[in-house]
Amino acid sequence: MGYLNSYKKGKFITLEGIEGAGKTTQLAVVRRCLEEQGIAVLTTREPGGSPVGERIRTMLLDPGCKGMVAATEVLLLFAARAEHLAHKIRPALEQGTWVLCDRFTDATYAYQGGGRGVDPERIAMLEAYVQGSMRPDLTLLFDLPVASGLARVGKRSAPDRFESEAEGFFEGVRTRYLAIARSHPQRVRLIDAGLPVEQVSAQVRKQVAGFLARVGR
Ligand code: Z5A
């Protein structure tokens with residue numbers, strides 16, 4: 001699977017966190033920081049990001065699919081990811097474009113592992129199959145108390161299948177995210193997302209500047 005490492009011209013940055021953590025808001029800040037340095041950036045998201053992936057996303061979020069078993073959920077997520085990697089992420093990285101992705105495989109460990117109780121070894125098997133050795137170069141983890149995140153998004157009129165989960169589910173997700181950050185301190189940088197937007201943006205800019213310095217940009 002040597003080709004899997006040949007993509008390495010661009011950098012792959014992911015944003016993670018529970019519901020309402022502010023990832024989408026801060027993605028624009030990361031993008032600006034990179035573009036100010038003359039870096040070409042592609043922003044994308046998971047699940048989705050490719051034509052087939054977006055169809056799978058619709059199914060995953062559809063409240064009408066209530067009762068989907070955890071194994072189906074994990075397999076659909078990795079099916080969407082395989083499409084995303086093949087058609088969007090790898091081609092961009094191969095050209096030297098940096099890819100900024102709203103959620104990636106850490107979300108599977110956190111939501112399906114920490115939230116639904118799927119054995120992380122099963123997730124790791126699929127990660128190896130679909131990604132080979134490919135991992136993000138930098139992950140910003142936006143952390144805040146579950147109640148604060150849910151309060152931010154609480155006003156949405158029609159909750160999707162994940163938004164309909166109970167608070168305990170998101171506590172499991174948050175705990176697993178924090179464990180991932182502890183296990184990968186070089187790659188995963190913790191952001192205090194409970195602060196006002198400007199203060200969160202300042203932390204983001206600092207982390208991105210640190211990363212750029214580490215990779216010599
Ligand atoms: N999922 C999964 O289970 N497994 C996987 O492997 C993957 C995904 C890849 C995708 O949903 C769902 O898929 C997700 C996990 C699951 N579901 N959940 N939960 P999505 O993409 O539709 O939703 P999301 O990723 O959770 O996005 P979100 O709920 O919109 O949250 P966000 O992007 O982190 O936050 P935001 O949109 O930037 O901000 C939310 C609100 O808070 C908004 O009104 C902002 O103006 C406000 N905000 C943002 N920052 C602040 C601060 N600092 N203070 C106050 N208010 C703020």
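Long-range contacts dominate the count in this predicted model. Of the contacts in the protein chain with a separation of 6 or more, 81% join residues 24 or more positions apart. Buried residues make up 48% of the 217 residues.

The protein chain contains eight helices and five strands. Their order along the sequence is β-α-β-α-α-β-α-α-β-α-α-β-α. The radius of gyration is 17 Å, close to the 17 Å that the globule rule gives for 217 residues, so the chain is as compact as a globular protein of that length. The C-alpha trace spans about 45 × 40 × 30 Å along its principal axes.

The surface was examined next. The protein chain exposes about 10300 Å². Carbon and sulfur atoms supply 55% of that area. The chain carries 30 positive and 24 negative charges. The mean positions of these two sets are 4 Å apart.

Cysteine pairing was then considered. Zero disulfides were found in a search of the whole structure. C101 is accordingly in no disulfide. The nearest cysteine sulfur belongs to C33 and is 18 Å away. A disulfide requires the two sulfur atoms to lie within 2.5 Å, so the 18 Å between C101 and C33 rules out that pair. C101 is buried, with a relative accessible area of 0%.

Two helical positions illustrate how residues distant in sequence meet. V204 lies in helix 8, which covers residues 197-214. V204 has a relative accessible area of 0% and is therefore buried, the limit being under 20%. Neighbours within four places in sequence aside, V204 is in contact with Q26, V29, V30, L140, F142 and I191. R45 provides a further reference point for V204. The two residues are 159 residues apart in sequence, and their C-alpha atoms are 18 Å apart in space.

D106 belongs to helix 4, residues 105-115. Its relative accessibility is 9%, so D106 also counts as buried under the 20% limit. With neighbours within four places in sequence left aside, the contacts of D106 are E16, T139, Y177, I180 and R187. Among these partners are an acidic residue, E16, and a basic one, R187.

In brief, C101 and V204 each have a relative accessible area of 0%, while the value for D106 is 9%. V204 sits in helix 8 and D106 in helix 4.

Methods
Residues are numbered from 1 along each chain as its sequence is written. This is a predicted model: local features need pLDDT of at least 70, side-chain atom pairs count only at pLDDT 80 or more; totals for chains, interfaces and linings use all residues. Side-chain values use heavy atoms; hydrogens and water are left out. Helices (H or I, at least four residues) and strands (E, at least two) are DSSP runs, numbered from the N terminus. The radius of gyration is taken over C-alpha atoms; the globule rule is 2.2 Å times the number of residues to the power 0.38. Buried means under 20% relative accessible area, exposed over 50%, partly exposed in between (1.4 Å probe, protein chains only). Contact means heavy atoms within 4.5 Å. Accessible areas come from the Shrake-Rupley method with a 1.4 Å probe; for residues, only the protein chains shown count as cover. The place of a charge is taken as NZ of Lys, CZ of Arg, CG of Asp or CD of Glu.
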